[in-house]
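Trainee: Before we go through this pair of chains together, could you help me read the contacts and the overall build step by step?

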Amino acid sequence: MGFINFLVYLAIMMGIFAILSVSLNLQYGFTGLANFGQVAFFCLGAYATTIVTLTFNQSFFLGIIASMFLAGLFGYIIAIPTADLREDYWAIVTLAAGEIVRIFFLNEDWVVGGGPYRGGAYGVGDIPQPFRSHFAAQTYPFFYLGIVLVCLLLTYLIINRLTNSPFGRVLKSIREGDDNLAQAMGKDVKKFRIKAMAIGGIFGGLAGCLYAHYYGFISPQEFVPLETFIVWAMVIVGGEGNNKGAILGSVIIILFYNSTRYLKDYVPINETTLASLRMVAIGVLIVVVMLFMKEGLIKEKKRIY
Amino acid sequence: MTFTQVIINSIIRASELTLLSLGLTIVYDILKFANFAHTEFAVVGAYLAFFLSVTLGLPIVPAAVIAAIATGFLSIAIDKAVFKKMRNSNGIIIMVTSMGVAIAMRNTVRAIWGADAKSYVLPLERPIATQWFRITSLQIWIIVVGAAAMIVFHLLLHYTRLGKAMRASSDNPALAQASGIATEKIVTYVWFIAITFASLGGTLIGMETYILPYMGFAIIIPVFCATIMGGIGNPYGAMLGALVLGFAENFGLYINFGKILNLGGLVHFSRDLFIPTGYKPAISFVMLIIVLLIRPRGILGKKKEG
């Protein structure tokens, strides 16, 4: 049973991170926006649903809606002043925005209701698991996996539909570095960038919501910029500009990340060193893919119109 | 804290930031990508200096200098292994790659030296105290090295063949190459100069507090903000940005906004209102957004795209 539970855990993590990477892929892979603050959406989604379901004791569905709304709104707001900026400025502005979200939750413990040892650096526990009372302890993870997969499927279908539509073609023309092309066709580049960030934010928030309810505990330490770069590794390895690639990338990175965890049983190495080496490998993987197979595992189908 | 003390602290912070932002900006100027691994080189330098001084027992000054030179060579090696193959790629792609390099470097440091804070063994000393401010001799060193970096960069860019070649390569790489300037050679020099100063900066910051594998990440946002605020690619902009940010970070926490809201007694607002210290990292970001909204290419940014 332990092994099956572990597989279910892996599948849930893959599903949650696949939603995040499909969302980042819309921004980076399709629109060319170097969002180094993807974790902000994840964090906002997790906290929004916690506040709604725990502090205000509302339903899980309201939590999902709040998560998606808040993270989408954040994407929208952060994109307004930055939409005209150059790509390298985007990277640092979004990275900093992600850090500010984390610093906010680190400093303001009242947002999750306050009380001793609660909120701020202590994190929040007891986040309710949706429909928990209807299932036995052994079957619940399977049910939760179902929720995650349905969310992933919906995310995939919606974003795929968007990227194959005229909207998606405008995004790609923005990515190709030529604002003039989009402008010549009467498209307001700035508006499209803002939309890509807002839509990316909505789904990033959804992933955060699913994460919070799965673990039942969140704290600002879980939303460090490192998470963003793990999602980046997923998009890059899987193949940017390609939704299937983003999902495949998250499966591979989660498998790699978790399989190396058991290496310590076979190699005499302590936990911290192993954790560091794992991240060294992820860094090197990003560099190697960028150098030698820039299109990733699944290539984007480029069509000539 | 007295007003003069806040000014002194601002200058110290500006000197630290300058050491890092100058290098970031010249690498950008020549190679046209934002190097997210820049501050990680500072961390590697700080740890090498720690290894030389604490583990091997060298005096701190030669240790810092040798570490800086070694880190400079490391940056050249990484350039040859990774970035050289991407010279013709889009800036975003190189930037993302540099992020991968940064993650690998940071965690290599963590794997070797562990995740805990380390500090250099420095003689205890009493700060020089006057009526208006206190300053340690280390802090004077930080200001001196920061100022020296500014002077060296100015002289280098305007009075040496290398500097002229650097400016030519930055303006028009193809033309520079056609005129017989070996751009690849210049790239090597630029990496070396940029990273040795970054390494010195990292070591000095570490000497003032302690060193951590994650300190590169703690400083990346202020360093990038200083660089971008002044106009990325412009060394004088990097100096100005560092100065503006050094003052903003320190005065942001010092100013009592309650008194300002009071408008000299016009409005009755008697509460004290300070920015909480937990938000200090946010100041640089807010400054950056304000500057970019007013001048999208930075304070001293060039009008035309490079």
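Trainee: Which residues of α4(B) does α11(A) meet?
Mentor: This is a predicted model, so the residues named here are computed from predicted coordinates. From α11(A) the contact includes Thr273(A), Ser276(A), Leu277(A), Met279(A), Val280(A) and Ile282(A), and further along Gly283(A), Val284(A), Ile286(A), Val287(A) and Met290(A). On the other side, in α4(B), they meet Ile93(B), Val96(B), Thr97(B), Met99(B), Gly100(B), Val101(B), Ile103(B), Ala104(B), Asn107(B), Thr108(B), Arg110(B) and Ala111(B).

Trainee: How many residues of each class does the contact of α11(A) with α4(B) have?
Mentor: Gly counts as polar in this classification, which places Gly283(A) and Gly100(B), both part of the contact, in that class. Sorted in this way, the contact of α11(A) with α4(B) has 15 nonpolar, 7 polar and 1 charged residues.

Trainee: Why is α11(A) described as roughly antiparallel to α4(B), rather than roughly parallel?
Mentor: Helix α11 of chain A, residues 271-292, packs against helix α4 of chain B, residues 91-113, with the axes 8 Å apart and an angle of about 160 degrees. Angles over 145 degrees count as roughly antiparallel. The angle between these helices therefore makes α11(A) roughly antiparallel to α4(B).

Trainee: What is the handedness of the crossing in which α11(A) passes α4(B)?
Mentor: The angle of about 160 degrees describes how these two helices pack, and the handedness is stated alongside it. Where α11(A) passes α4(B), the crossing is left-handed.

Trainee: Which helix gives the largest share of the side of chain A that touches chain B?
Mentor: The contact between the chains takes 35 residues from chain A and 36 residues from chain B. On the chain A side, α4, α9 and α11 each supply at least two residues. The largest share there is 13 residues, and the helix that gives them is α11(A).

Trainee: How do the residues of that side of chain A divide by class?
Mentor: This division covers the side of chain A that touches chain B, to which chain A gives 35 residues. Those residues divide into 24 nonpolar, 7 polar and 4 charged.

Trainee: Within chain B, are α9(B) and α10(B) roughly parallel or oblique to each other?
Mentor: Helix α9 of chain B, residues 215-230, and helix α10 of chain B, residues 235-254, have axes that come within 7 Å and cross at roughly 125 degrees, in a right-handed crossing. Among the residues that meet are Pro222(B) and Cys225(B) in α9(B), with Leu240(B) and Val244(B) in α10(B), and the contact as a whole has 9 nonpolar, 4 polar and no charged residues. The angle falls in none of the parallel, antiparallel or perpendicular ranges, and α9(B) and α10(B) are therefore oblique to each other.

Trainee: How many helices and strands does each chain have?
Mentor: The elements of chain A run from the N terminus as helices throughout, α-α-α-α-α-α-α-α-α-α-α, which comes to 11 helices and 0 strands. In chain B the order is α-α-α-α-β-β-α-α-α-α-α-α-α-α, and the totals for chain B are 12 helices and 2 strands.

Trainee: What radius of gyration does chain B have, and how does it agree with a compact globule?
Mentor: The C-alpha atoms of chain B fill a box of roughly 65 × 50 × 35 Å along the principal axes, and 47% of its 306 residues count as buried. A compact globule with 306 residues would have a radius of gyration near 19 Å, and the value for chain B, which agrees, is 20 Å.

Methods
Residues numbered from 1 in each chain as written. Chains lettered and ligands numbered in written order. Predicted model: local features only at pLDDT ≥ 70, side-chain atom pairs only at ≥ 80, totals over all residues. Helix = DSSP H or I, 4+ residues; strand = E, 2+ residues; numbered from the N terminus. Axes fitted to C-alpha atoms, helices over the stretch in contact; angles between N-to-C directions. Parallel < 35°, antiparallel > 145°, perpendicular 65-115°, else oblique. Left-handed = near helix turned anticlockwise from the far one by under 90°. Contact = placed C-beta atoms within 7 Å. Rg over C-alpha atoms; globule rule 2.2 N^0.38 Å. Buried ≥ 20, exposed ≤ 12 C-beta atoms within 10 Å, placed from the backbone.
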